[in-house]
Amino acid sequence: MGQTAIIGGGVIGLGVAWELARRGERVTVFERDRVGAGASSAAAGMLCPMAELDFVEDELLALKRDSLARYPEFARALQALTDLDVQLRLEGTLSVAIDRDDAADLRRHYEHRRSLDLPVEWFSGAQVRAAEPALSPRIQAAIYVPGEGQVDNRLLVTALARAAYLAGVEIREGVEVQEILTNGGRVRGVRTSQDLPFEHVVLAAGAWSRRLGLPGFNPPVRPVRGEMIAVMMEPGDALGCVVRAPDCYLVPRADGRLLIGATSDEVGFDTRITAGGLFELLRGATETLPGVREFEVVETWAGLRPGTLDNDPILGHTAIRGLVAATGHYRNGILLLPATAHYISEAVLSGSDPDAIAGFGPRRFDR
Ligand SMILES: Cc1cc2nc3c(=O)[nH]c(=O)nc-3n(C[C@H](O)[C@H](O)[C@H](O)COP(=O)(O)OP(=O)(O)OC[C@H]3O[C@@H](n4cnc5c(N)ncnc54)[C@H](O)[C@@H]3O)c2cc1C
């Protein structure tokens, strides 16, 4: 077996590392900060391929559903190895409409999803309140999607790092890769404070991936800031499942926290938290779940989603032999983790990209 370097210790780098090590590869993860320092700890952990569906992303939908279907086994294997429960909860999601315009819009989404044969259900306002009594009485209707849900992404980072370590992966925190080294169209290693030889290199540096571009591969990844708030729910006003509202989403964790997210700002690598961002999130949240007004604020944070030119992930072999991309997961990196780990490790070991990720190859941007 060969030797692989993975650049980036987020869920994607760690997930690919663990999978490769399970298959016998020798793997080193380089993380310039600490594992999970990027978007992976900032996320809300929603697993919602259908609730998030737009009118135009059918190929990505197949990959997202594939990944969601892998989650129960993925979480079971992680727990068996690490003894950590990543709190996978698939109790379904509600996308709610607050006024009549929202309801008309939601109805169009519902018809579209039905036309794709997706398992979606239409709930009246009364049905919504029967399911989640703490939601606002103003809510007109909702789409319910069974089988979707969430995972605790911070626990996921911890579990993945432990699983990768136990499988034999060397995790080098505080070590930045400055450059990917090549020779004659083939990768030959990475440069940190020294040049280190590797047979394969996987680029999983999230929003920072573009900085490691080189002639023949220049990943068009940009940072998209997302701000979030966590409040502590009061028992009488608690929420049971993930709720997506017109101006925010609400993700109730098992420990009583409610995550409210997220803004979406194109402001480069700026991770400051703004008053305007928090205001918009709280406005959307109190409109959806009035009890939020009384909840204690326990945390605010911001992270950088790795967006791409077409907002699809960049997965698979580059024009440089031995260099594989696993980046650009934008809003869906937590959801796409099990599928990415599976298909990227397959690509590294076989030398060619599996069909399931063929549409997301880095060479699509050459055209
Ligand atoms: C507010 C917010 C909410 C989100 N909610 C969801 C959600 O509900 N569901 C979902 O599926 N997705 C969600 N996402 C998206 C998800 O978080 C990302 O798609 C995913 O975490 C990307 O993982 P990654 O490992 O590619 O990147 P990251 O987690 O950003 O990891 C990249 C790592 O690479 C390191 N690095 C960078 N450059 C170098 C270098 N040169 N050398 C060494 N290390 C380097 C960084 O320090 C970082 O730790 C959300 C994102 C945000 C910001």
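Helices (H or I, at least four residues) and strands (E, at least two) are here DSSP runs, numbered from the N terminus. The model on display is predicted: local features require pLDDT of at least 70, side-chain atom pairs count only at pLDDT 80 or more, and totals for chains, interfaces and linings use all residues. Residues are numbered from 1 along each chain as its sequence is written.

**The whole chain**

Begin with all residues shown. The protein has eight helices and 19 strands. Along the principal axes, its C-alpha atoms fill a box of roughly 65 × 40 × 40 Å. The radius of gyration, taken over C-alpha atoms, is compared with a globule rule of 2.2 Å times the number of residues to the power 0.38. For 367 residues a compact globule would have a value near 21 Å, and the protein agrees because its radius of gyration is 21 Å.

Colouring by burial is a useful next step. A residue is buried if 20 or more other C-beta atoms lie within 10 Å of its own, exposed if 12 or fewer, and partly exposed in between, with C-beta atoms placed from the backbone. Buried residues account for 49% of the 367 residues in the protein. Two residues are in contact if their C-beta atoms, placed from the backbone, lie within 7 Å. Among contacts between residues at least 6 apart in sequence, 74% join residues at least 24 apart.

**Helices H1 and H6**

Select residues 11-22 for helix H1 and residues 153-166 for helix H6. Two packed helices are described by the angle between their axes and the distance between the axes. Axes are lines fitted to C-alpha atoms, for helices over the stretch in contact, and angles run from 0 to 180 degrees between N-to-C directions. The axes of H1 and H6 come within 9 Å and cross at roughly 35 degrees. A crossing is left-handed if the near helix is turned anticlockwise from the far one by less than a right angle, and right-handed if clockwise. H1 passes H6 in a left-handed crossing.

Now display the side chains at this contact. H1 contributes Val-11, Leu-14, Gly-15, Ala-17, Trp-18 and Ala-21, which meet Asn-153, Leu-156, Val-157, Leu-160, Ala-161, Ala-163 and Ala-164 of H6. By class, the contact holds eleven nonpolar, two polar and no charged residues. In this classification Ala, Val, Leu, Ile, Met, Phe, Trp, Tyr, Cys and Pro count as nonpolar, Asp, Glu, Lys and Arg as charged, and the others, Gly among them, as polar.

**Helices H3 and H6**

Keep H6 selected and add helix H3 (58-82). H3 and H6 pack at an angle of about 65 degrees, with their axes 9 Å apart, and their crossing is left-handed. Leu-78, Leu-81 and Thr-82 of H3 make the contact with Ala-159, Arg-162, Ala-163 and Leu-166 of H6. This contact has five nonpolar, one polar and one charged residues.

**Two loop residues with positive phi**

Most residues other than glycine have a negative phi, and most peptide bonds are trans. Select Asp-83, in the loop between helix H3 and strand S4 (93-97). Its phi is positive, near 70 degrees. Asp-83 is exposed because 9 other C-beta atoms lie within 10 Å.

Move next to Asp-117, in the loop between helix H4 (100-115) and strand S5 (121-124). Phi of Asp-117 is also positive, near 65 degrees. Asp-117 counts as exposed because it has 7 C-beta neighbours inside 10 Å.

**The sheet S9-S10-S11**

Two strands pair if DSSP finds at least two bridges between them. Three strands form an open sheet in the order S9-S10-S11, with antiparallel pairing. Strand S9 (179-183) and strand S11 (195-197) are the edge strands, each pairing on one side only. Neighbouring strands of this sheet are turned by 40 degrees against each other on average, direction ignored.

Look first at S9 and S10, which pair over five bridges. Asn-183 stands opposite Arg-186 in S10. The two strands form a hairpin with two residues between them, and Gly-184 in the turn has a positive phi of about 60 degrees.

Then follow strand S10 (residues 186-191), which pairs with S11 over three bridges. A hairpin of three residues joins S10 to S11. Arg-191 has Asp-195 as its bridge partner, and Val-190 has Leu-196.

**Gly-307**

Finish at Gly-307, in strand S17 (residues 296-308). Gly-307 counts as buried because it has 20 C-beta neighbours inside 10 Å. Leaving aside neighbours within four places in sequence, Gly-307 is in contact with Val-221, Arg-222, Val-224 and Tyr-330. Gly-8 and Gly-307 are 299 residues apart in sequence and 16 Å apart in space, C-alpha to C-alpha.
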